[in-house]
Amino acid sequence: MTGVRIDKWLWAARFFKTRALASRACELGRIQSNDQQAKASREVHAGDRVRVKNESGEFDVEVLTVSDMRGPAAIAPALYRETDASRELRLRLAAERKAMLAFEGVSESKPSKRDRREIDRFRGRR
């Protein structure tokens, strides 16, 4: 097999859960192949550079093998090689998002019974 549709390859490489989601990402311009916007029907070949933006982050990968069949999750990373810069950027952004969770504001709902007891203890009422 020399080439396969990019939406099939993205699905087989497990960047998207369904082929329909991969096609939709192509329509929305979230997929680039060799620095050009990729339509779902564009063929991808071994050696191509593909940039994928999905909910997990932005991936910049080199296609190693083409496949139109979705296999086990353990085998899927064998279809591509992510660049070091892409991996570092993605991991750094994930760490920043995780750190921001600690700085989120207090919830807008009423305090629970446990929260009220802690507030009372803090204010020295009990």
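**View 1. The largest nonpolar core and its busiest members.** Of the 23 residues in the largest nonpolar core, the ones touching the most other members are Trp9, Leu10, Phe15 and Ile31. A nonpolar core here is a set of buried Ala, Val, Leu, Ile, Met, Phe, Trp, Tyr and Cys residues joined through side-chain atoms within 4.5 Å. "Buried" means under 20% relative accessible area, "exposed" means over 50%, and "partly exposed" is in between (1.4 Å probe, protein chains only). Two or more core residues come from each of α1 (6–12), α2 (19–27), β5 and β6 (57–63). The biggest giver is α1, with 4 residues. These helices (H or I, at least four residues) and strands (E, at least two) are DSSP runs, numbered from the N terminus. As background, nonpolar side chains tend to be buried together in soluble globular proteins.

A quick note before the other views: this is a predicted model, so local features need pLDDT of at least 70 and side-chain atom pairs count only at pLDDT 80 or more, while totals for chains, interfaces and linings use all residues. Residues are numbered from 1 along each chain as its sequence is written, and side-chain values use heavy atoms, with hydrogens and water left out.

**View 2. Phenylalanine 15 among the aromatic rings.** Is phenylalanine 15 buried or exposed? Phenylalanine 15 is buried, with a relative accessible area of 5%, and tryptophan 9 counts as buried too, at 0%. Not counting residues up to four places away in sequence, phenylalanine 15 touches Trp9, Leu10, Val52, Asn54, Phe59, Val61 and Tyr80; contact means heavy atoms within 4.5 Å. Rings of Phe, Tyr and Trp (its six-membered ring) pair if their centres lie within 6.5 Å, and planes under 30 degrees apart count as stacked, over 60 as edge-to-face and the rest as tilted. By this rule the count comes to 4 aromatic pairs. The ring centres of tryptophan 9 and phenylalanine 15 are 6.1 Å apart and their planes sit at 35°, so this pair is tilted. Phenylalanine 15 and phenylalanine 59 make an edge-to-face pair, 5.3 Å centre to centre with 70° between the planes. That pair links distant parts of the chain: phenylalanine 15 is in the loop between α1 and α2, phenylalanine 59 is in strand β6, and they are 44 residues apart. Put Trp9, Phe15, Phe59 and Tyr80 together and you have one aromatic cluster.

**View 3. Salt bridges around strand β6 and strand β7.** A salt bridge is a side-chain nitrogen of Lys or Arg within 4 Å of a carboxyl oxygen of Asp or Glu, and by this rule the count comes to 11. Arginine 81 bridges to glutamate 62, with the closest N and O atoms 2.9 Å apart. This pair links distant parts of the chain, with arginine 81 in strand β7 (residues 80–82), glutamate 62 in strand β6, and their positions 19 residues apart. Arginine 81 is partly exposed at 46% relative accessible area, and glutamate 62 is partly exposed at 22%. Another bridge joins aspartate 60 to arginine 51, at 3.6 Å; arginine 51 is partly exposed at 29%. Glutamate 82 and arginine 90 meet in a salt bridge as well (2.8 Å, N to O), and glutamate 82 is buried at 9%.

**View 4. Aspartate 7 and its partners.** Aspartate 7 lies in helix α1 and is buried at 1% relative accessibility. Salt bridges that share partners join Arg5, Asp7 and Arg19 into one network. The aspartate 7 side chain makes polar contacts with the side chains of arginine 19 (3.3 Å) and serine 23 (3.0 Å). A polar contact is a pair of N or O atoms within 3.5 Å; within protein, one must be able to donate a hydrogen and the other to accept it, and residues adjacent in sequence count only if both atoms are side-chain atoms. Leaving aside neighbours within four places in sequence, aspartate 7 is in contact with Arg19, Ala22, Ser23 and Ala40.

**View 5. Aspartate 48, buried with no salt bridge.** You'll find aspartate 48 in the loop between β4 (43–44) and β5 (49–54). Which side chain of opposite charge is nearest to aspartate 48? The nearest one is arginine 42, 6.1 Å away, and aspartate 48 is buried yet has no salt bridge. For charge, Lys and Arg count as positive and Asp and Glu as negative; His and the chain ends are not counted. A polar atom of the aspartate 48 side chain lies 2.9 Å from the backbone nitrogen of histidine 45.
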